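Hello,

Please find the structure below. My notes on it follow.

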Amino acid sequence: MQTSTDLQAVAAALREHDSFLVVTHENPDGDALGSLLATTLALRGLGKDVEMYLGGSGSLPREYAFMQLDGLRRDLPADLERRVLVAVDCAKADRIGPDPEPVERASLVLNIDHHHDNTRFGDLNLIVADASSTGEVLRDVIRELDIELTPELAEPLYIALVTDTGRFQYTNTTPKALRLAAELVEAGADVHQVFQQVYESVEFAKLKLLARALDRARVLEGGLIVVSHLLRKDFAEVGAAEAYSEGIIDSLRAVEGAELAALIREPPRDDGPTRRVSLRASVDELDVSAIARRFGGGGHRQAAGFSSDASIDEITELIRQGFVAQRAAASA
């Protein structure tokens with residue numbers, strides 16, 4: 001839970017300083033990009049000098065191309081030492097990217113997030129573990145700063161909220177999240193445009209990639225686990241970027257009777273880990289972030305991930321063992 005002191009301290013730092021670098025995690029999702037843009041717009045509304053940065057070399061997910069992310073940097077500004085770093089939706093410092101420079105060089109680090117396993121790497125940390133999304137946390141920051149909720153600001157916050165709640169279907173869809181959705185729509189967020197762009201503008205190559213993942217899907221533990229994988233060659237053969245794998249895990253999660261879904265993918269690039277793993281839980285009793293943390297990853301109880309150089313079969317078995325161990329502990 002946040003404290004009012006955390007919120008007030010972060011808001012005070014945002015008021016007092018003039019130059020900022022806003023960052024989020026690499027391979028961003030809707031909450032990451034929505035939070036990145038909303039923070040940038042809010043600070044610019046206060047007359048601040050703000051740069052946006054995204055680490056890593058992966059391309060942006062196609063479904064978020066409609067967002068006004070003009071000026072998004074993929075390299076660090078030369079004057080980083082004089083800027084305050086604002087990390088949003090980033091549970092660990094190394095998720096900003098492979099380069100540790102942003103956290104090490106910035107004059108001050110503000111860490112705003114909702115992941116319960118956030119490592120509190122900031123000089124100031126506003127971590128609200130029971131929030132639906134980082135966008136929800138930022139709405140409280142924006143209110144504390146007395147910034148007007150314009151349509152331009154409301155829409156990225158709505159994108160953060162709607163994507164991290166699975167279109168208001170996940171268990172993190174709280175009454176507060178639904179009230180916030182109504183407030184953002186009243187402020188001018190375009191619900192139809194967001195839905196159409198994010199969920200109904202699927203590239204054909206992404207559809208082909210989904211087909212490969214579904215074709216390889218298999219069940220373990222009597223159907224309680226659904227696991228699949230994507231090989232590096234799959235991306236090349238269907239003409240898909242790594243970002244196109246975003247959302248495939250949700251199709252696996254939807255299988256009747258499945259309590260855990262896992263997608264193992266080989267990123268179609270030479271830098272970074274050999275394999276990335278996404279985990280999703282469909283029952284409250286299962287904490288997939290605990291499984292992910294065993295391998296240096298993290299996330300939420302029902303959505304987490306990690307990276308590994310182990311083989312697909314080895315990763316699958318480790319996931320199965322983690323699942324079985326949790327079920328045994330719950331029934332003990």
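Leu 85 has Val 109 in strand 4 as its bridge partner. That bridge belongs to the topic of strand pairing: strand 3 (residues 84–88) and strand 4 (residues 108–113) run parallel over 5 bridges. Two strands pair if DSSP finds at least two bridges between them. Strands (E, at least two residues) and helices (H or I, at least four) are DSSP runs, numbered from the N terminus.

This is a predicted model: local features need pLDDT of at least 70, side-chain atom pairs count only at pLDDT 80 or more, and totals for chains, interfaces and linings use all residues. Residues are numbered from 1 along each chain as its sequence is written, and side-chain values use heavy atoms, without hydrogens and water.

The sheet is open. Its 5 strands have the order 2-1-3-4-5, with parallel pairing. Strand 2 (49–53) and strand 5 (124–127) stand at the edges; each has a single partner strand, so one side of each lacks a neighbour in the sheet. On average, neighbouring strands are turned by 15 degrees against each other, direction ignored.

Now the helices. Helix 2 lies across strand 1 (19–23), strand 2 and strand 3, at about 170 degrees to strand 2. Helix 4 (residues 134–144) packs on the sheet and touches strand 3, strand 4 and strand 5. Its direction makes about 120 degrees with that of strand 4. Contact means heavy atoms within 4.5 Å. Axes are lines fitted to C-alpha atoms, for helices over the stretch in contact, and angles run from 0 to 180 degrees between N-to-C directions.

Best wishes
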